[in-house]
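These are my notebook entries on one structure. I set down what I looked up, in the order in which I looked it up.

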Amino acid sequence: MESTRIIPFCVPLTPGESSGVGVVGTITLRGQSAIVWFGWGAVERREEDDCDNNIRSDNSTVAVGTGRPPMGSLSVSMPPSSRKGPSRMPTPTSQLVGGSSDEDMMLGQQMSARLAKRIGWPIFVSCSFSDFGQNGVSPALAAGFDDDTMPAAMAEKEVTRILTLEKDQLTVST
C-alpha cells in the first residue's frame, strides 16, 4: 500500500526579511505522482532545527509559510511517453476544475506540464494567485514585480527541487 506524504513549502518574495507575504503551498505525494497547491500566504522565519529537512536553508533560519490559500483551478499533466529518443510531443495536460481567473488556469497548466516533463510523474497543480486578500493589491506588485509570473517561477523552482529530492529518495529505496 502506498503512503501519502504532505510537504509544505514557501517562497518569500523578499529574501532576508523576517516576515512578509510570499508563495505558500503544499506538495502531496502519493507513490509516483504529486499534487501541488499554492497561492499567497504569510511567511515567517524560524530556526532550522524546528523545520522539515526539505525546506530551503539560508544559514540557520528558514522561511515557513502560514495559512492556506484558497483552492484554485486544478490541472493535470501526464509525462510524455518514453518511446525511442526524446519526445517532441507536447505534454498532455487537462483542466480538471476551472476557476475565476484565466491567469491562474494558465499558470497551473504550464507549471504542471513542465513539472511532469522534468520529473516523469503525473502532476496535478492548483494555482490561486487571483485572491489578493483584503486590500485588493497583488503581493507580487507590492514587492516590486511586474506581475505574478516571477513569483510563480520561483515557486516552480522550489517545487522542482523538492520533487527531484523525493524522486531520488524513492529511486534509492526501491
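**Entry 1: Ser112 and its surroundings**

I began with S112, which I located in helix α1, residues 102-119. I note at the outset that the model is a predicted one. Is S112 buried or exposed? Its relative accessibility is 0%, so I entered S112 as buried. I then listed the contacts of S112, leaving aside neighbours within four places in sequence: S75, V76, S77, T93, I123 and V125.

I123 appears in that list, and I looked up its contacts in turn. With neighbours within four places in sequence again left out, I123 touches A34, V36, S75, V76, S77, S112, L115, A116 and L163. S75, V76 and S77 are thus recorded as contacts of S112 and also of I123.

**Entry 2: the nonpolar core**

I next turned to the largest nonpolar core, which has 27 residues. Which of its residues touch the most other members? I recorded I27, V36, F38, I123 and L163. The elements that contribute two or more residues to this core are β1 (4-12), β2 (19-30), β3, α1, β8 and α3 (149-173). As a general remark, nonpolar side chains in soluble globular proteins tend to be buried together. Two of the residues named for the core, V36 and L163, had already come up as contacts of I123.

**Entry 3: aromatic pairs**

How many aromatic pairs does a search of the whole structure find? I noted two. In the pair of F38 and F129, the ring centres are 5.3 Å apart and the planes stand at 80°, so I classed the pair as edge-to-face. F38 belongs to strand β3 (residues 34-47), while F129 sits in the loop between β8 (123-128) and α2 (139-142); the pair therefore ties together parts that are 91 residues apart in sequence. F38 has 0% relative accessibility and so counts as buried. F129, also at 0% relative accessibility, is buried for that reason.

The other pair is W40 with F129: the centres lie 4.4 Å apart and the planes are at 15°, so this pair is stacked. It links distant parts of the chain, with W40 in strand β3 and F129 in the loop between β8 and α2, 89 residues apart. I entered W40 as buried, like F129. F38, W40 and F129 make up one aromatic cluster.

**Entry 4: Ser138**

I followed the loop between β8 and α2 to S138, which is found there. At 5% relative accessibility, S138 counts as buried because the cut-off is under 20%. I checked its position against W40: the C-alpha atoms of S138 and W40 are separated by 9.0 Å, although the two residues are 98 apart along the chain. What joins the side chains of S138 and D148? I found a polar contact of 3.0 Å.

**Entry 5: the chain as a whole**

I closed with the overall values. The protein chain has three helices and eight strands, and from the N terminus on its elements run β-β-β-β-β-β-β-α-β-α-α. It comprises 174 residues, of which 39% count as buried. The exposed area of the protein chain is about 10000 Å², and carbon and sulfur atoms supply 53% of it. For contacts between residues at least 6 apart in sequence, I noted that 58% join residues at least 24 apart.

Notes. Residues numbered from 1 in each chain as written. Predicted model: local features only at pLDDT ≥ 70, side-chain atom pairs only at ≥ 80, totals over all residues. Heavy atoms only, no water. Helix = DSSP H or I, 4+ residues; strand = E, 2+ residues; numbered from the N terminus. Buried < 20%, exposed > 50% of the residue type's maximum accessible area, 1.4 Å probe, protein only. Contact = heavy atoms within 4.5 Å. Phe/Tyr/Trp six-rings, centres within 6.5 Å; stacked < 30°, edge-to-face > 60°. Areas by Shrake-Rupley, 256 points an atom, 1.4 Å probe, with all protein chains shown as cover. Core = buried A, V, L, I, M, F, W, Y, C linked by side-chain atoms within 4.5 Å. Polar contact = N/O pair within 3.5 Å; in protein donor to acceptor, adjacent residues only side chain to side chain.
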